[in-house]
Amino acid sequence: MSSSSRFVRLILAEYGFQTDLVEEQPWEKRREFLTLNPAATLPVYVDDNMRVLCGPSVLMEFLDETHGVLKRDRRLLAEDPWQRAEIRRLTEWFLIKMEQDVTRPLTRERVYKLQMTAAQGGGAPDSKVLRTSRANIRQHMKYLAWLAGSRQWLAGERLSYADLAAAASISVLDYLGEIDWSEIPIAKDWYQRIKSRPSFRPLLSERIRGLTPVSHYADLDF
């Protein structure tokens, strides 16, 4: 349920990487995990030579520099500097701004706290946090709908990191049934397009232990 991890997984899939996934509960702060990333945040990427990179923006730039530049029309970061800046701005919007306002508090209250011990901060969901986060969803989805309605893809004419960052965050909220798609048909059409890509299939097939997704989560024509 980490939107940043989902984002990096989508990049790797779009670029044709074969990956081995390791489940990590960052609140446990395992010694081995802290050795890889002292910040105890996700995602963490370890290559075949055991070199470690941490964080979605670092990984995004690294994968573009090492592989994206070779992909021509499939590159996820634009050639034009202004377009690159817009892609980075929107990627930050969904992985930082929306994460703070909506995704992180909802997943913490509805998912993570159920798996945490009391000492780790687990327990019953905080209804005030849920109300605030849900109130914030509508504004973010309105902005997403405006972007989807005014451009071919969120940051321009081609699929980019911005679309993958937005889709990663939206997919978490959609799993939890937190989005009313009837209010935002333009955003729904955009999400259907990106949700139908082969890179998205692994996310749609996975399930959280003890938490069933909404019925349309894996439906490409919802």
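A residue is classed as buried when its relative accessible area is under 20%, and as exposed when that area is over 50%. In this predicted model, Glu86 has a relative accessible area of 17% and is therefore buried. The partner of Glu86 in a salt bridge is Arg151, and the closest N and O atoms of the two are 2.9 Å apart. Because Glu86 belongs to helix H4 and Arg151 to the loop between H5 and H6, the pair ties together parts that are 65 residues apart in sequence. With a relative accessible area of 25%, Arg151 is partly exposed.

The count of salt bridges in the model comes to 17. One of them joins the side chains of Arg209 and Glu23, with an N to O distance of 3.1 Å. Arg209 is found in the segment after H8, whereas Glu23 is found in the loop between H1 and helix H2 (31–36), so this pair ties together parts that are 186 residues apart in sequence. Arg209 has 64% relative accessibility and therefore counts as exposed. Glu23, at 55% relative accessibility, also counts as exposed.

A further salt bridge, 3.0 Å from N to O, is formed by the side chains of Lys113 and Glu109. Both residues lie in helix H4, where they are four residues apart, about one turn of the helix. Lys113 counts as buried because its relative accessibility is 10%. Glu109 has a relative accessible area of 5% and is therefore buried as well. Elsewhere, Glu24, Arg30 and Glu32 are joined into one network by salt bridges that share partners.

Helix H4, which spans residues 81–115, also contains Asp101. The relative accessibility of Asp101 is 19%, so this residue counts as buried. When neighbours within four places in sequence are left aside, Asp101 is in contact with Ser133, Asn136 and His140.

The largest nonpolar core of the model consists of 62 residues, and Phe7, Tyr161 and Trp190 are those with the most contacts inside it. At least two residues of this core are supplied by each of helix H1 (3–14), helix H3 (56–66), H4, helix H5 (127–150), helix H6 (161–175), helix H7 (185–195) and helix H8 (201–205). H6 provides the largest share, with 11 residues. Since domain 1 (3–70) and domain 2 (81–205) both give residues to the core, the core lies between them.

The surroundings of one of these core residues, Trp190, were examined further. With residues up to four places away in sequence not counted, Trp190 touches Leu144, Ala148, Trp153, Leu154, Asp163, Ala166, Ala167 and Ile170.

For the N-terminal part of the chain, an unreviewed UniProt entry places the feature "domain: GST N-terminal" at residues 1–71. Over these residues the chain is 41% helix and 8% strand. The C-alpha atoms at the two ends of residues 1–71 are 29 Å apart.

Notes. Residues numbered from 1 in each chain as written. Predicted model: local features only at pLDDT ≥ 70, side-chain atom pairs only at ≥ 80, totals over all residues. Heavy atoms only, no water. Buried < 20%, exposed > 50% of the residue type's maximum accessible area, 1.4 Å probe, protein only. Contact = heavy atoms within 4.5 Å. Core = buried A, V, L, I, M, F, W, Y, C linked by side-chain atoms within 4.5 Å. Domains from an automatic or database assignment. UniProt positions renumbered as here; feature names shortened; annotations may be inferred. Salt bridge = Lys/Arg side-chain N within 4 Å of Asp/Glu carboxyl O.
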